[in-house]
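Thanks for sharing this one. Here are some notes to read alongside the coordinates.

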Amino acid sequence: MIDFNSLELVVKNNYSFVGIEKQGNALYFCLPKGFADNILQLNTFASKRDLFFLLYRIFNTFKEVLVEKGYLDETSKFGVQDRDGVIKNSSGSEIQNSEDNSENIFYSKLDIIGQLLNAYDEPKILALAYRLGKCEKFDISQIHKYLHQAVYLPNHAAYVDQIVLPRPVVQFESADIVMMYCYLFCEIKLQLQENVSGEITALAERFRQHYLGSQDSLFDEQSHEQILSTLKDALERIDNNTPIKDFDYWQYFESIELFLYGDWHQADNGEIWGIKEFHSVWESMCLTYLVKNVDSSELLHVDFCYINTQILAKYNLSTKTLDLSSIFQVNGSQLVPDAVRFSSLISQTKDEKIYRIYVRSNWNDYGYHTIISGLGIDEAKIGYVNQLTSIHTFEKIKEFYKKESWSIVINSRLPRLFYSFWDIPDQIDSDYICKMRYFNHLFYLALERRIMHWDEFYKEILQPLGVIFGLSHDDSRANVFTHSLFRGSTQESVAKKFNLFIERVFLQWKEFFEIIDIKYLTSEYFTDSSKMEDIKYRSVRKQFVYEHLLQKKLERTNNQFSNSSIRSSFWIPSYRPNDLDLLEDGAIFMDGYIQLKSVNFSVLAKSYLS
């Protein structure tokens, strides 16, 4: 059993082992780089427990990727490669502060949790609780299953002497050793935030009620010592009262015994549990996040070495904004940047918001009721396709969103059935663009489809909606878009507003290409003047080559991307448990030419494990 109070938290910057190691009589819990500023806050039983199980889940997820990719023997998924419990993966990865092409080495020299989880076999567990026995009673509905055992009479009738049916068998060990296993299994699964079947949960609860008599947790600081002592007594009692011990009994007994009595202090000095070369895990976490969360059309390149194939499927199916295949080659050698993304204006301004809208007035635009309050905008109008007169847009929106008193809560973008229009101010920030997106402002649709010219906007967006300027209110071609959203507007006035909007937006926001390099290094490393030559040799020169090759590609395209800027960023780890943002600007590096971005480990882990 792990005594989390005995673990001493450390962050070691000279090598990339993450896990638990033993030096003398002390156990050190080596946390990833970026955790150093939070050591004091994390030095509690609960924090160390939560971090251990979080890393346990991350390592298992990473190991599954290695197995799927063929970097790790599949037998290692549930076991180990040698008698010391060490699994090696020689897939080859660049390490900035160590030797190149090192192995990923998993340590589990005292596999306290893994052995218990690996013993799980639900059909066997349920079978042990209800052994099969011979029964003299016949269930005629099941007789067809036993015809192969029947005696056939001369008249071809089948005679069945006995059948085997489930029945409870009195056996102390089957009921108790299995229930004890189920209790420990459920306790661990609770910490791993994983579900357990109802049958196993019921067996665990039966054990809790019979032996523990309380709802205290094995992994709670206040109760773990008492619960552990009670469990050890229970195991001894079960073992002493078990007359027949078969293979199944020993399988569960040994996994329980190791879990309760296993002590990492008994191990030799060195790495006991964890992974060496955590940089590969960090790269897998960062790139998996990008594939999951960035628009696949704008993620132009990604190193898929440590990304699950299933996650990559969606990425591979998308049409890219710009094809970068085969551009990263120098003298016949293939270079592999971690990721290249196109940061469009749309991706820079996406955000999650909540708006509450109201009916502003009974204003009647030739029968169309479209004016909405709550957006802080005068004359904000929303209409929908084939809108009927005398029925306010508000009533239609209620079909899709939650209603609170006199308002509607808009917590996601309106369906494309709805469109809006209002005059755009001179200053437009990202919150304003988000508002336009949520309510399908017609000008925002132009940004989304990269329409920059009025003629194309009118042809591709306004005409399909039936917008015709200059119609009288009694014209049969009138609709909500012509006679409410654009009431009193001429084609020339709307065209002027559209052109000003496009000009303002692209003056305030610049689209760019970003070359991302995942670094398992600290901010202090990059700001240490004594390491500048090493940084240039290992990181900066390579980044310049990537930028040069991408620039040549953009120059050849001769389209809207030709003049787009190129930026480089290094993603380095940080730990900000109370911050919901993934990225934060780091220290100034190379006068800002290459951006250091601190990546929040807690946010990244949630995405990686989801």
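The points below cover a helix pair, a set of strands and two loop residues.

1. A word on the source before the details: this is a predicted model, so please read each point below as a description of that prediction.

2. Let's begin with helices H9 (residues 279-293) and H20 (residues 601-609). Their axes come within 9 Å and cross at roughly 70°. Since angles of 65 to 115 degrees count as roughly perpendicular, H9 is roughly perpendicular to H20. The crossing of H9 past H20 is left-handed.

3. Which residues of H9 and H20 make the contact? On the H9 side they are Trp282, Ser284, Met285, Cys286, Thr288, Tyr289, Lys292 and Asn293. H20 contributes Phe601, Leu604, Ala605, Ser607 and Tyr608. Sorted by class, the contact of H9 with H20 has 8 nonpolar, 4 polar and 1 charged residues.

4. Next, have a look at strand E19 (residues 407-410). Ser407 and Val409 point one way from the strand, while Ile408 and Ile410 point the other way. Are these residues of E19 buried or exposed? All of them are buried.

5. E19 has pairings with E15 and E18 to check. Strand E15 (residues 355-359) runs antiparallel to E19 and is joined to it by 3 bridges; here Tyr355 stands opposite Ile410 of E19. Strand E18 (residues 402-404) also pairs with E19 in the antiparallel sense, over 3 bridges, and Lys402 has Val409 of E19 as its bridge partner.

6. The link between E18 and E19 is worth a moment at the graphics. These strands form a hairpin with 2 residues between them. In that turn, Ser405 has a positive phi of about 50°.

7. Ser326 also caught my eye in the backbone angles. Although Ser326 is not a glycine, its phi is positive, at about 70°. You will find Ser326 in the loop between helix H10 (309-317) and strand E12 (329-330). With a relative accessible area of 55%, Ser326 is exposed, because the cut-off for that class is over 50%.

8. Asp591 is the last residue on my list. Its phi is positive too, at about 55°, and Asp591 is not a glycine. Where is Asp591 placed? Asp591 sits in the loop between strand E23 (583-585) and strand E24 (594-600). Asp591 counts as exposed, with 80% relative accessibility.

Notes:
Residues numbered from 1 in each chain as written. Predicted model: local features only at pLDDT ≥ 70, side-chain atom pairs only at ≥ 80, totals over all residues. Heavy atoms only, no water. Axes fitted to C-alpha atoms, helices over the stretch in contact; angles between N-to-C directions. Helix = DSSP H or I, 4+ residues; strand = E, 2+ residues; numbered from the N terminus. Parallel < 35°, antiparallel > 145°, perpendicular 65-115°, else oblique. Left-handed = near helix turned anticlockwise from the far one by under 90°. Contact = heavy atoms within 4.5 Å. Nonpolar A, V, L, I, M, F, W, Y, C, P; charged D, E, K, R; others polar. Buried < 20%, exposed > 50% of the residue type's maximum accessible area, 1.4 Å probe, protein only. Pairing = 2+ DSSP bridges.
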